[in-house]
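Okay, thanks for coming, everyone. I'll put the structure up first, and then we'll walk through it together.

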Amino acid sequence: MSLLLKSGNIGALELKNRVVMPPMCMYKSDNSGEIKDFHKYHYVSRALGGVGFIIVEATAIEPKGRISSNDLGLWDDSLIEKHKQLNKNIHSFGAKTAIQIAHAGRKSTVIDSTPIAPSSIAFSKEAPFKIPKEVSIEEIQNIKKLFIDAAFRAKEADYDAIELHAAHGYLLCEFLSPISNNRTDIYGGTLENRCRLVLEIAHEIKQKLDLPLIVRISADEWMNEGWNIEDSIYLSKELEKIEVDAIHVSSGGNLEKPDNAPAIQALYQSSWAKKIKENVNIPIIAVGLITTATEGEYLLENNFCDFVAYGRELLRNPNLVFYVANEFKEKEKINSSYQRAFI
């Protein structure tokens, strides 16, 4: 039996296979932040195609926390109903769902607002990026509340899990990095202090909501003096202590011109996933130019991870899981209406 097609668990959530659709921004909403028809067809087609776990794209906790003016949002109760309908449709094909709750921080390009960040350091001197406002301690408390409120809305919208976005140079990632966080209070300076906000938000979500929680991190930000894999191992161990259910391992994104950008090639992030997996006992999701069934199987067989996220490949091929089932001669796992295509 293919390991990719074997069921698995993230916390109490049972998934029918190990294939994950990672969160990928589609930029198909508008200033309302609402789910649109595009999202319905985009996500439901991957559920129909057999994906076990679909993580809906970065969804902002407040309007100025969007990456762009076309991002999804979950900052108001009025946005819940369309997410609930989306989940109903995805669930009807046997997939489980999470939503990535996010704040863009200094990488927000929303035209009519000033971005915020742990320190007043711009991501880039070039437009559309702006110099962010350094948040006060009081504002940090409000950010925590916004994340918790968005998590409650996600539960009400029938998501099966929540992913906290602490990767790719967005707000929580900015707090983690010694390059983007120059604070001298309890949220800056030492590694422990820079991890504090992520850990506080994750802990509060776990305390208040009965849902599995995943945290997505950039395992290394590709800078000589920046956040690195040892820091990520420390954070992952701390997240495990507060009963976070899985770590989703990506990299980069916090600096416009990194010192040590890796060659962007197949499996280029998987070694970081493996190092983290060797240090914790909770599931690891690997991601990063994984495109074939053989590659995914290799990662699972060799204990790089527990689940495999296919991003670009699922954009190209919504029926990826059927191809995997055909390749591993498990055609019974292909939707009956599509089986004749694989004779």
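Before anything else, a word on how I'll name things: helices and strands here are DSSP runs, with at least four residues for a helix and at least two for a strand, and they're numbered from the N terminus. With that in hand, we can place A261: this residue lies in the loop between β11, residues 246-250, and α7, residues 270-277. And keep in mind that this is a predicted model.

Let's stay with A261 for a moment. Buried or exposed? Partly exposed, because its relative accessible area is 46%, and the band for that label runs between 20% and 50%. If you look for S68, 193 residues away along the chain, its C-alpha atom is 25 Å from that of A261.

Now let's zoom out. The chain has 10 helices and 13 strands. How does the radius of gyration sit with a compact globule? For 343 residues you'd expect a value near 20 Å, and the chain has 19 Å, so the two agree. Put a box around the C-alpha atoms, along the principal axes, and you get roughly 60 × 40 × 40 Å.

What about the inside? Of the 343 residues, 59% are buried. Take the contacts with a separation of 6 or more: 70% of them join residues 24 or more positions apart. On the outside, the accessible surface is about 13,900 Å², and carbon and sulfur atoms own 48% of that. As for charges, there are 40 positive and 46 negative ones, and their mean positions lie 4 Å apart.

Okay, aromatics. A pair of rings is described by the distance of the centres and the angle of the planes. This structure holds 5 aromatic pairs, and I'll show you two of them, starting with F175 and Y187. Their ring centres are 6.4 Å apart and the planes meet at 80°, so this pair is edge-to-face. F175 belongs to helix α4, residues 171-176, while Y187 is in the loop between α4 and α5, the latter being residues 191-208; that puts the two 12 residues apart. Both partners are tucked away: F175 is buried because its relative accessibility is 0%, and Y187 is buried too, at 2%.

The other pair is Y298 with F304, and here the centres are 5.5 Å apart with planes at 40°, so we call this one tilted. The two residues get their own labels: Y298 is partly exposed at 40% relative accessible area, whereas F304 counts as buried at 11%.

Right next to F304 in the numbering is N303, so let's look there. N303 lies in the loop between α8 and β13, the strand at residues 307-309. Its phi is positive, about 60°, even though N303 isn't a glycine. Why point that out? Most residues other than glycine have a negative phi, and most peptide bonds are trans. N303 is partly exposed, with a relative accessible area of 46%.

There are other places like this. D158, in the loop between α3 (137-156) and β9 (161-166), has a positive phi of about 75° and isn't a glycine either. At 37% relative accessibility, D158 is partly exposed. And for the peptide bond, go to A127 and P128: the bond between them is cis, with omega near 10°. You'll find P128 in the loop between β7 (116-117) and β8 (133-134).

Two helices to finish. Find α6, residues 229-241, where I229 sits. What does I229 touch, leaving aside residues up to four places away in sequence? A219, D220, W272, K275 and I276. Take K275 from that list: K275 is 46 residues from I229 along the chain, and their C-alpha atoms are 8.0 Å apart. I229 itself is buried, at 10% relative accessible area.

Last one, α10, which covers residues 320-327: the buried residues there include L320, V321, F322, V324 and A325. What covers them? The cover includes strand β3 (19-21) and helices α1 (37-48), α8 (293-301) and α9 (312-316). Then, just after α10, K329 has a positive phi of about 55°.

That's my tour, so over to you for questions.

How values were computed. Residues numbered from 1 in each chain as written. Predicted model: local features only at pLDDT ≥ 70, side-chain atom pairs only at ≥ 80, totals over all residues. Heavy atoms only, no water. Rg over C-alpha atoms; globule rule 2.2 N^0.38 Å. Buried < 20%, exposed > 50% of the residue type's maximum accessible area, 1.4 Å probe, protein only. Contact = heavy atoms within 4.5 Å. Areas by Shrake-Rupley, 256 points an atom, 1.4 Å probe, with all protein chains shown as cover. Lys, Arg positive; Asp, Glu negative; His and termini not counted. Charge placed at Lys NZ, Arg CZ, Asp CG, Glu CD. Phe/Tyr/Trp six-rings, centres within 6.5 Å; stacked < 30°, edge-to-face > 60°.
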